[in-house]
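Subject: Structure handover and notes

Hello,

I am passing on the structure we spoke about. My notes on the fold, the sheets and the aromatic rings follow below.

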Amino acid sequence: MAYNPSRARLSPPAPAAPRPRKRGRSPSAPGAAVWRASAYVAPFDHRRRWQDPAGASGRVWQGYHAPHAPVPYRRWIFADEASTSGSDACTIMSYNILADNNARNHPDLYLDVPWDALRWDSRRRLIIHEIRHWDSDLVCLQEVDRFREIAAEMKNKGYECSFKGRTGDAKDGCATFWKSERLRLLEEDSIDFSEFNLRNNVAQVLVFELNGTQKFVLGNIHVLFNPKRGDIKMGQIRMLLERANALAGKWDGIPIVLAGDFNSTPESAIYKFLSTMKLNVSLHDRRQLSGLDSSEFGLYCSLLNCEWSDEEVRNATGSSNVMVARHPLKLSSSYAMLKGNSSNRGHHGEPLATSYHKRFLGTVDYLWYTTGLECSRVLDTLPVDALRRTRGLPTREMGSDHLPIVAEFIFSEQTRDASEQEDESAGEAITSKHIYFSSDSDS
C-alpha cells in the first residue's frame, strides 16, 4: 500500500514517556541523594485551636482513638514521723477535671493545646486512668458535667458516689466517690450558694466511717473563679467551714478534711484566712483577696483607698457591720506540712503549680485537715519546668488543666483514745446515743 501522509496524521499519538522525578539534596546529609515528592503536603499544626467535630469527616473522627498514654511520673513525699497504721490510713484525692462544657466555651485558654487533647472522650480515658492508677479511697472531683459517664466507670471499680450540681445555666458540679469496702456514708449535706446570694457554686459536706471505727467529715468545694469578687469567695469558704464544723460537732467533734479548688493562691489573703482562722477585710482590696488578679495593685487599702460596700462586707464576714471574718477550725494544709522538692514548692511549702492554662500557672487546689488527723504522705506535683514545656494543660498524657492532688491521712492517738472512751461509756449505759446515730444514718 502507498504511504498516505494525511492518514498518518489522523492516527493517535504515541503515549509520552513518564517524566522522571527530580533529585534533591538532603539538608541533614550533604551529598546524599533523596527522592522528593512532587505534590505539596501542608504541615500539620499541632497548636491549632479545638474544632467542632461536626466539621470533621465522620469516618476520620469516629475512627480516631488516642493512644493509651502512661500516667506522668510523680513521687510520694512521706512525713518524717508518722505513726502509720494500714487499717486506719485513708487516701483522699482532689481533682478538678475541667468540665467539657467549660473547655468548649473558653477556647482562648487552650490555644496551644492540640485539638485531640481537648476532646472529651480522650480526656475521659486519661482522667479515669489516672484516678485508678493512684487508687485513692476517696475521690473529690470538681467541674463534673459528665457525671453519669464518670460514675459508671467508677462503679466498676467498687466506688459509690454522691453528686451536687450547680444551678442556673451551669452544667457542672462537685462529685465525691468512695470505696464501699472501706468507707460507709453516715450523713450527707450540701450547700447551694445561690440560696445565700453567693453565686451558683456548690459544695458537699459528708460524714464517713472508716473500717467501722473512725469517723470524719469530708468537704468538697469549687470556689468561684472571678478574681474581682473576693467577697464572694470569702463567703463561700466561710460558709463551708461553718457547715463542716457544725456537722463535726453533731458527731462528737470528729476530725475534718476539706478538699477542692479554692481558686486562691498560697500568697493570698484568703489562704491566710484559712490558715490563721481570721482576716480583717478592711485591710485588703476585694479584687486582690484570692491572688488571681494579675493587675499591679497592692493589697492594702491604705495605698489604694479601697472601700467595701455593706453588701460586700456581709458576703465576706456574714454581717455588714463586722470587718473581721472568722472561722472556728484550726486547719493545716497537707502539702505545706510535708517538705517537698524545692523545684516543686514555694516559700509557703505549697506546690508551685497545680493548674496551668494560657492565663494562669499556679496553685489553687488544697487538702486541708484539722486536729485528730495526721498527714502521712502526699503525692508530689510536677516540676514547673516540666509543666511549662507542655505549653498548657491538658495534654495527650494529662486529661485536665489541673493536676490531681493526693494525701494520705491517719487518725492520731488522741482521736483513737477518744473513740475508745466513747465505746466504753456507750457500752455501760448510754444506749440512747447509739439509737440517735442509727436513726441519723438512715436519714
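A contact here means heavy atoms within 4.5 Å. On that basis, residues 24 or more positions apart account for 73% of the contacts in the protein chain with a separation of 6 or more. Please keep in mind that this is a predicted model.

Overall figures

The protein chain has 443 residues, and 49% of them count as buried. Its secondary structure comprises 14 helices and 19 strands. About 22800 Å² of the protein chain is accessible surface, and carbon and sulfur atoms contribute 50% of that.

The seven-stranded sheet

One sheet is open, has seven strands and mixed pairing, and follows the order S3-S18-S19-S4-S5-S7-S6. Its edges are strand S3 (76-78) and strand S6 (159-165); each has a single partner strand, so one side of each is left without a neighbour in the sheet. From one strand to the next, the twist averages 20°.

At the S6 edge, the partner is strand S7 (residues 173-179), which runs antiparallel to S6 and is joined to it by seven bridges. Within this pairing, Glu 160 has Trp 178 of S7 as its bridge partner.

Helix H5 (residues 120-134) lies across four strands of this chain: S3, S4 (90-96), S5 (138-144) and S18 (373-379). The helix runs at about 160° to S4.

The six-stranded sheet

A further open sheet, also with mixed pairing, has six strands in the order S8-S9-S10-S11-S17-S14. Strand S8 (183-192) and strand S14 (332-333) are its edge strands, and each pairs on one side only. Inside the sheet, S11 and S17 are antiparallel and share five bridges. One residue pair to look at there is Gly 260, whose bridge partner in S17 is Tyr 366.

Aromatic rings

Searching the whole structure gives 11 aromatic pairs. Among them is Trp 76 with Trp 134: the ring centres are 6.2 Å apart and the planes stand at 90°, so the pair is edge-to-face. Trp 76 belongs to strand S3 and Trp 134 to helix H5, so the pair ties together parts that are 58 residues apart in sequence. Trp 76 has 21% relative accessibility and counts as partly exposed, whereas Trp 134, at 12%, counts as buried.

Another edge-to-face pair is formed by Phe 262 and Tyr 366, with ring centres 6.0 Å apart and planes at 70°. Phe 262 sits in the loop between strand S11 (256-261) and helix H8 (269-276), while Tyr 366 is in strand S17 (residues 365-369), so this pair ties together parts that are 104 residues apart in sequence. Phe 262 and Tyr 366 are both buried.

Two further points concern residues already mentioned. Trp 178, the bridge partner of Glu 160, is also part of a cluster in which ring pairs link Trp 178, Phe 208, Phe 216 and Phe 411. Trp 76, besides its pairing with Trp 134, has Arg 377 over the face of its ring, at 4.0 Å from the ring centre.

Where to start

If you open the model at one place, Trp 76 is a convenient choice. Which helix holds the partner ring of Trp 76? That ring is Trp 134, in helix H5, and H5 is the helix that lies across S3, S4, S5 and S18.

Regards

Key: Residues are numbered from 1 along each chain as its sequence is written. This is a predicted model: local features need pLDDT of at least 70, side-chain atom pairs count only at pLDDT 80 or more; totals for chains, interfaces and linings use all residues. Side-chain values use heavy atoms; hydrogens and water are left out. Two strands pair if DSSP finds at least two bridges between them. Helices (H or I, at least four residues) and strands (E, at least two) are DSSP runs, numbered from the N terminus. Axes are lines fitted to C-alpha atoms, for helices over the stretch in contact, and angles run from 0 to 180 degrees between N-to-C directions. Buried means under 20% relative accessible area, exposed over 50%, partly exposed in between (1.4 Å probe, protein chains only). Accessible areas come from the Shrake-Rupley method with a 1.4 Å probe; for residues, only the protein chains shown count as cover. Rings of Phe, Tyr and Trp (its six-membered ring) pair if their centres lie within 6.5 Å; planes under 30 degrees apart count as stacked, over 60 as edge-to-face and the rest as tilted. A charge sits over a ring if NZ of Lys or CZ of Arg is within 6 Å of the ring centre and within 35 degrees of the ring normal.
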